Amino acid sequence: MLGTHFYNKSTDKVIIAFGTLFNNIQLKTIDPSGNISQVQKVPLAYGPKQKFLSRIEQNDQERKTSITIPRIYFETTGITYDDSRQLPPCKQLIDVKQGDGTVVQSIIVPAAYNLDFELGIIAKSQTDAHQILEQILPYFRPSFNVSIKFIPDVDEATRDVPFELNSITYEDSWDGSFSDRRQIIYVLRFTAKTYYFGPKIDTSIIRKAIVKQYSASYRESPSRYREYSVTPKALTDTTSDPSGPDAGAPDGVIDSFDDDALVLGDDFGFNEMVTFVEDV
């Protein structure tokens with residue numbers, strides 16, 4: 001339970017996936033003749049908006065070379081539980097084989113959470129800001145899906161995570177002073193509909209399922225019921241009576257010894273048995 005150490009780096013993987021969406025945006029400058037005179041890759045960094053604005057202001061005051069503009073920043077702004085996507089917690093995902101196939105690793109279904117992001121475009125002109133913005137908006141209608149593998153070697157832990165664009169706001173900090181740098185900022189807010197997986201737990205394979213069926217008169221006769229049991233049935237002959245001369249070798253007969261030899265990944269059928277029980 002709580003206190004069992006595990007770390008799937010789920011938040012880090014979502015942050016990296018989100019940032020990767022915007023790490024190849026370019027700004028092209030066109031000369032009067034219509035030719036491309038300059039191509040600039042827009043810098044991308046993780047951090048709050050105020051951090052970059054403070055650096056711009058500090059560099060201007062000290063008359064040093066300022067940080068590159070335009071640039072894109074992004075950061076996480078919050079996380080909330082999403083009960084609309086949550087599956088029943090009693091369900092388990094079983095995927096990983098171990099050793100001789102008699103033990104598997106199970107994972108309780110992941111918890112559904114929404115991770116909020118803020119992405120900002122800082123530019124010195126509307127033309128630059130619009131050119132960057134136009135390379136982003138067509139892909140979000142209003143969401144863009146990214147496949148993320150939350151746990152290595154577990155196929156069921158690969159999920160499509162939608163990054164949904166919620167809103168766009170605009171800021172222009174220029175007040176008309178010639179000594180101040182103009183900073184045009186577009187702020188885009190996103191929500192990633194992600195998941196958090198728990199630890200992998202070793203568990204044995206279930207080899208027998210039993211259902212007890214009681215009649216409508218259960219209160220009058222609680223000791224009378226029908227028991228229905230199911231066990232796996234081997235489809236091929238793989239072994240023999242362990243006490244025989246050819247112990248462990250196929251003997252041409254599919255029997256209970258072959259049933260017991262089944263491991264994870266084998267094809268199998270079912271042995272069904274119904275028993276009427278009356279406890280005295």
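User: Is Lys 9 buried, partly exposed or exposed, and why?

Analyst: In this predicted model, Lys 9 counts as partly exposed because its relative accessibility is 45%, and the class called partly exposed runs between 20% and 50%.

User: Where does Lys 9 sit in the chain?

Analyst: Lys 9 is placed in the segment before α1, and although Lys 9 is not a glycine, its phi is positive, at about 55 degrees. As background, most residues other than glycine have a negative phi.

User: What about peptide bonds, which one is cis?

Analyst: The bond from Arg 141 to Pro 142 is cis, with omega near -5 degrees, whereas in general most peptide bonds are trans. Pro 142 itself belongs to the loop between α3, which spans 126-134, and β8.

User: Back to α1 then, which of its residues are buried?

Analyst: Helix α1 covers residues 10-20, and its buried residues are Ser 10, Val 14, Ile 15, Ala 17, Phe 18 and Gly 19.

User: And what do those buried residues pack against?

Analyst: The buried residues of α1 pack against strands from several parts of the chain, namely β3 (44-46), β4 (71-81), β7 (111-123), β8 (143-149), β9 (158-172) and β10 (184-196).

User: Zooming out, how many helices and strands are there in the chain?

Analyst: The chain holds four helices and 14 strands, and of its 280 residues, 31% are buried. If you take the contacts with a separation of 6 or more, residues 24 or more positions apart account for 65% of them.

User: Switching to the open sheet of three strands, what is its order?

Analyst: That open sheet runs in the order β12-β13-β14, and its pairing is antiparallel. The edge strands are β12 (209-214) and β14, each of which pairs on one side only, and from one strand to the next the twist averages 20 degrees.

User: How many bridges hold β13 and β14 in their pairing?

Analyst: β13 and β14 pair in the antiparallel sense over 11 bridges, while β12 and β13 do so over six bridges.

User: Which residues stand opposite each other, say around Val 230?

Analyst: Val 230 in β13 stands opposite Ala 209, and Val 230 also stands opposite Glu 272 in β14. Elsewhere in the pairing with β14, Tyr 225 has Val 277 as its bridge partner.

User: New topic, the second largest pocket: how much space lies in it?

Analyst: About 300 Å³ of space lies in the second largest pocket, and 15 residues line it. Of these lining residues, Ile 205, Ile 206, Arg 207, Pro 232 and Phe 268 lie nearest the centre of the pocket.

User: Which strands supply at least two residues of that lining?

Analyst: Two strands of the sheet we just discussed do so, β13 (224-234) and β14 (268-278), each supplying at least two residues of the lining. β13 gives the most to the lining of this pocket, with three residues.

User: What does the lining have by class, in nonpolar, polar and charged residues?

Analyst: The lining of the second largest pocket has 10 nonpolar residues, along with two polar and three charged ones. Arg 207, one of the residues nearest the pocket's centre, falls in the charged class, because Arg is counted there together with Asp, Glu and Lys.

Definitions and conventions
Residues are numbered from 1 along each chain as its sequence is written. This is a predicted model: local features need pLDDT of at least 70, side-chain atom pairs count only at pLDDT 80 or more; totals for chains, interfaces and linings use all residues. Side-chain values use heavy atoms; hydrogens and water are left out. On a 1 Å grid over the protein atoms alone, a cavity is a set of points where a 1.4 Å probe fits but cannot get out, and a pocket is an open set with protein on both sides within 12 Å along at least five of seven lines; lining residues have an atom within 4 Å of a point. Grid points are joined across faces, edges and corners, and a volume is the space filled by probe spheres set on the points. Buried means under 20% relative accessible area, exposed over 50%, partly exposed in between (1.4 Å probe, protein chains only). Contact means heavy atoms within 4.5 Å. Two strands pair if DSSP finds at least two bridges between them. Axes are lines fitted to C-alpha atoms, for helices over the stretch in contact, and angles run from 0 to 180 degrees between N-to-C directions.
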